[in-house]
Amino acid sequence: MDSFEFNKFAGAVLFGVLVIFGVGQLSNILVHPTNPEQVAFPVPEIEGAAPTAVAETEEETISLGTLLAAADAGKGERVARKCTSCHTFDDGGANRVGPNLYGIMGDPKARTGGFSYSSALADMGGEWSIENMDAFLESPKGYVPGTKMAFAGLRKPTDRANLILYLRSLGDADMALPAPE
Ligand code: HEC
């Protein structure tokens, strides 16, 4: 193919593109589609039609017992890295910004003498159960309004379940897990 033939060929392609583009533009100018605001035949909303919404509610309704039955303390130890800037987890570990957490499950809230807790947590009373630890880890400020623990919380139920299983594995009190549904 000599260069003259190539130019003819390229010209033809370019012309074709221009024609297609031009027709599109022209039809936009000539025809102004008016889309009616209302759908002529409204489609009734089918229950459960939106798969994303269903998935979200399903995650919410999985019981803590079921989540814990599938949880993994090893994964929980990895989640606990989010806490280690403020907490130690080993037996006799130091208090940092927050108190040592070894064997915390089943122990009284604000158990560590010498650590200066917020009065909100100190006055709360009760022990750290599976359920209230889950609520606290989801939203520390939601569960203990006025807490000093500056941590946003763990949004994912599976992260919390893994972490609770890890916390429970520390120390000797293997507290009973809620039954899976
Ligand atoms: C920015 C620092 C910080 C981070 C990060 C943090 N905490 Fe805390 N935590 C604290 C402080 C401070 C307190 C004391 C709260 C109070 O007195 O209100 C506390 C208290 C606690 C308590 C109550 C202890 C007791 O003796 O009753 C638990 C349980 C706890 N944290 C778990 C965690 C876990 C699990 C994580 C990680 C997911 C975490 N914290 C992340 C600072 C932190």
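**View 1. The elements of the protein run α-α-α-α-α-α-α-α from the N terminus on.** What you're looking at is a predicted model. How many helices and how many strands does the protein have? Count them up and you get 8 helices and 0 strands. The protein has 181 residues, and buried ones make up 28% of them. Keep α6 and α8 in mind, since both come back in later views: α6 covers residues 130-138, and α8 covers 157-169.

**View 2. Here we zoom in on the iron atom of the ligand and its protein donors, H87 and M149.** Which atoms do these two residues use? H87 offers its NE2 atom and M149 its SD atom, and they lie 1.9 to 2.1 Å from the iron. Altogether there are 6 donor atoms around the iron atom, and the angles they subtend run from 87 to 178 degrees, which makes the arrangement octahedral. For six donors, that label asks for opposite donors over 155 degrees apart and all others between 65 and 115. Now trace the chain: H87 and M149 are 62 residues apart, so to speak from distant parts of the chain. H87 belongs to the loop between α4 (73-79) and α5 (119-122), while M149 belongs to the loop between α7 (140-143) and α8. Is H87 buried or exposed? Its relative accessible area is 9%, and the cut-off for buried is under 20%, so H87 counts as buried.

**View 3. This one shows the largest pocket, with a volume of about 530 Å³.** Rolling a probe the size of a water molecule over the atoms shows where empty space is left. In this model, 30 residues line the largest pocket. Which of them lie nearest its centre? They are H87, G98, P99, F136 and M149. You've already met two of those names: H87 and M149 are the protein donors of the iron atom. Sort the lining by class and you find 21 nonpolar, 6 polar and 3 charged residues. Helices pitch in too, with α6 and α8 each supplying at least two residues of the lining. Of the elements, α6 gives the most, with 3 residues.

**View 4. D107 and R111 meet side chain to side chain in a salt bridge.** The N to O distance here is 2.8 Å. This pair is one part of a count that comes to 3 salt bridges. Are the two partners tucked away? D107 has 27% relative accessibility, so it counts as partly exposed. R111 also counts as partly exposed, at 26%.

**View 5. D134, E138 and R160 are linked in a network of salt bridges.** Start with R160 and D134, whose side chains meet at 2.9 Å, N to O. These two come from distant parts of the chain, 26 residues apart: R160 sits in helix α8 and D134 in helix α6. Both R160 and D134 are buried, with R160 at a relative accessible area of just 5%. Next, find E138, which forms a salt bridge with R160, the closest N and O atoms being 3.8 Å apart. E138 lies in helix α6 and R160 in helix α8, so this pair ties together parts that are 22 residues apart in sequence. How accessible is E138? At 39% relative accessibility, E138 counts as partly exposed.

Methods
Residues numbered from 1 in each chain as written. Predicted model: local features only at pLDDT ≥ 70, side-chain atom pairs only at ≥ 80, totals over all residues. Heavy atoms only, no water. Donors = N, O, S within 2.8 Å, 3.2 Å for Na, K, Ca; no water. Tetrahedral: all angles 85-135°; square planar, octahedral: opposite > 155°, others 65-115°. Helix = DSSP H or I, 4+ residues; strand = E, 2+ residues; numbered from the N terminus. Buried < 20%, exposed > 50% of the residue type's maximum accessible area, 1.4 Å probe, protein only. 1 Å grid on protein atoms, 1.4 Å probe; cavity = no way out; pocket = protein on both sides within 12 Å on 5 of 7 lines; lining within 4 Å. Points joined across faces, edges and corners; volume = space filled by probe spheres on them. Nonpolar A, V, L, I, M, F, W, Y, C, P; charged D, E, K, R; others polar. Salt bridge = Lys/Arg side-chain N within 4 Å of Asp/Glu carboxyl O.
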